[in-house]
Amino acid sequence: MKNILKLSVFALLFISATACDSDDDLTVVTPSKAAVLAIPAEGSVFVLDKLTPNEVVATFTWDAAQYGGAPMAISYELQMAKSGTDFKDVVVVSVTTTNKVAVTSGELNAAALNAGLTAFESQDADIRIKSYVGARGIVQYSNVIKIAVTSYSAWDNWGMIGSATPNGWNDPDTNLEYDLATKTYSYTGPLVVGEYKFRLDDKWDTNYGDDGNNLSLEAGGANIPVTVAGDYTIIVDFIGKKYTITKN
């Protein structure tokens, strides 16, 4: 009798557990309609400003995705990729459970740089919405819209200008490349006989020259001479106010 009772209890527990599993399995969620990205419009242009990183530049809005089955929360990812890459290196701009999200200049800029867009140039990016529900990750993707983004670098936009530089005294400046490890800026390329200065953001508001031509920088200082044409490497430390120039 004891054995029969034990078997009966085991059978009841097994049936109960199986029933619970079956209920979960019977909750079938199926994708029925992907989100439709409506705002911003195809071809919208964004010129991002480093001075206003917290300014909302766009509120991305889409028609909600639809899923068949038991009601459950739908999650959305606003995704960006460099145009023409088929979202190979996708960047998640924002995550939400609503059908719109406000994006700031700083957020869109970070996404653009992470997606491989070049700072200070107008380049195309593709935007889409990924929707998904539940732990099983049942996914749908929206339509794709293309936008043009002029991003800014995470560092300052220093450049060179002057008769010795490739662009002469005309805009745009010859950009300096930033090295995050050394926190220095550099230029490698041709210079002709003439002179040059360093300036910020292609403006004269902040510029540096060298009053003594002794590899130290002074704000608003004298033009730096180049007496022999050729290929040079210039490395600038704007924190230490010094630079080196080496003929290659």
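**A buried serine, two cores and two pockets**

Ser142 has a relative accessibility of 10%, so it counts as buried, the cut-off being under 20%. This comes from a predicted model. As for where Ser142 sits, its place is the loop that runs between strand E10 (138-141) and strand E11 (145-150). A polar atom of the Ser142 side chain lies 2.8 Å from the backbone nitrogen of Ile129. Ile129 also turns up among the contacts of Ser142 beyond four places in sequence, together with Arg128 and the run of Ala34, Ala35, Val36 and Leu37.

Stepping back to the whole chain, the secondary structure comes to two helices and 21 strands. The chain has 248 residues, and buried ones make up 38% of them. Taking contacts between residues at least 6 apart in sequence, 65% join residues that are at least 24 apart.

In soluble globular proteins, nonpolar side chains tend to be buried together. Here, the largest nonpolar core holds 32 residues, and those touching the most other members are Phe60, Trp62, Leu78, Met80, Ile127 and Ile147. Several elements each supply at least two residues of this core: strands E4 (56-63), E6 (74-82), E7 (91-96), E8 (100-104), E9 (122-133) and E11, along with helix H2 (105-114). Apart from this core lies another one, made of 19 residues, with Ala164, Val226, Val236 and Tyr243 among them.

Trp62 gives a good look at the surroundings of one core residue. Once residues up to four places away in sequence are set aside, Trp62 touches Ala35, Val36, Leu37 and Ala38, as well as Tyr76 and Ile129. The list for Trp62 also takes in Thr96, Thr98, Asn99, Lys100 and Val101. Ala35, Val36, Leu37 and Ile129 are contacts of Ser142 too.

Over in helix H2 is Leu108. Its relative accessible area is 0%, so Leu108 is buried. Leaving out neighbours within four places in sequence, Leu108 is in contact with Phe46, Leu48, Val57, Met80 and Val103. Of these, Leu48 is 60 residues away along the chain, yet the C-alpha atoms of Leu48 and Leu108 are separated by 8.2 Å.

Ile234 belongs to strand E20 (residues 230-237). With a relative accessible area of 0%, Ile234 is buried as well. Beyond four places in sequence, Ile234 touches Met160, Tyr185, Ser186, Tyr187, Leu191, Tyr196, Phe198, Thr244 and Ile245. Ile245 lies eleven residues from Ile234 along the chain, with 4.4 Å between their C-alpha atoms.

Then there are the pockets. The largest pocket contains about 430 Å³ of space. Its lining consists of 18 residues, and the closest to the centre are Asp49, Lys50, Phe120, Asp201 and Lys203. By type, the lining of the largest pocket splits into seven nonpolar, five polar and six charged residues.

The second largest pocket offers about 230 Å³ of space. Lining this pocket are 14 residues, and Ala119, Phe120, Trp155, Asn175 and Glu177 lie nearest its centre. The split for the second largest pocket is seven nonpolar, four polar and three charged residues. Phe120 is thus listed close to the centre for the largest pocket and for the second largest pocket.

Note on methods
Residues numbered from 1 in each chain as written. Predicted model: local features only at pLDDT ≥ 70, side-chain atom pairs only at ≥ 80, totals over all residues. Heavy atoms only, no water. Helix = DSSP H or I, 4+ residues; strand = E, 2+ residues; numbered from the N terminus. Buried < 20%, exposed > 50% of the residue type's maximum accessible area, 1.4 Å probe, protein only. Polar contact = N/O pair within 3.5 Å; in protein donor to acceptor, adjacent residues only side chain to side chain. Contact = heavy atoms within 4.5 Å. 1 Å grid on protein atoms, 1.4 Å probe; cavity = no way out; pocket = protein on both sides within 12 Å on 5 of 7 lines; lining within 4 Å. Points joined across faces, edges and corners; volume = space filled by probe spheres on them. Nonpolar A, V, L, I, M, F, W, Y, C, P; charged D, E, K, R; others polar. Core = buried A, V, L, I, M, F, W, Y, C linked by side-chain atoms within 4.5 Å.
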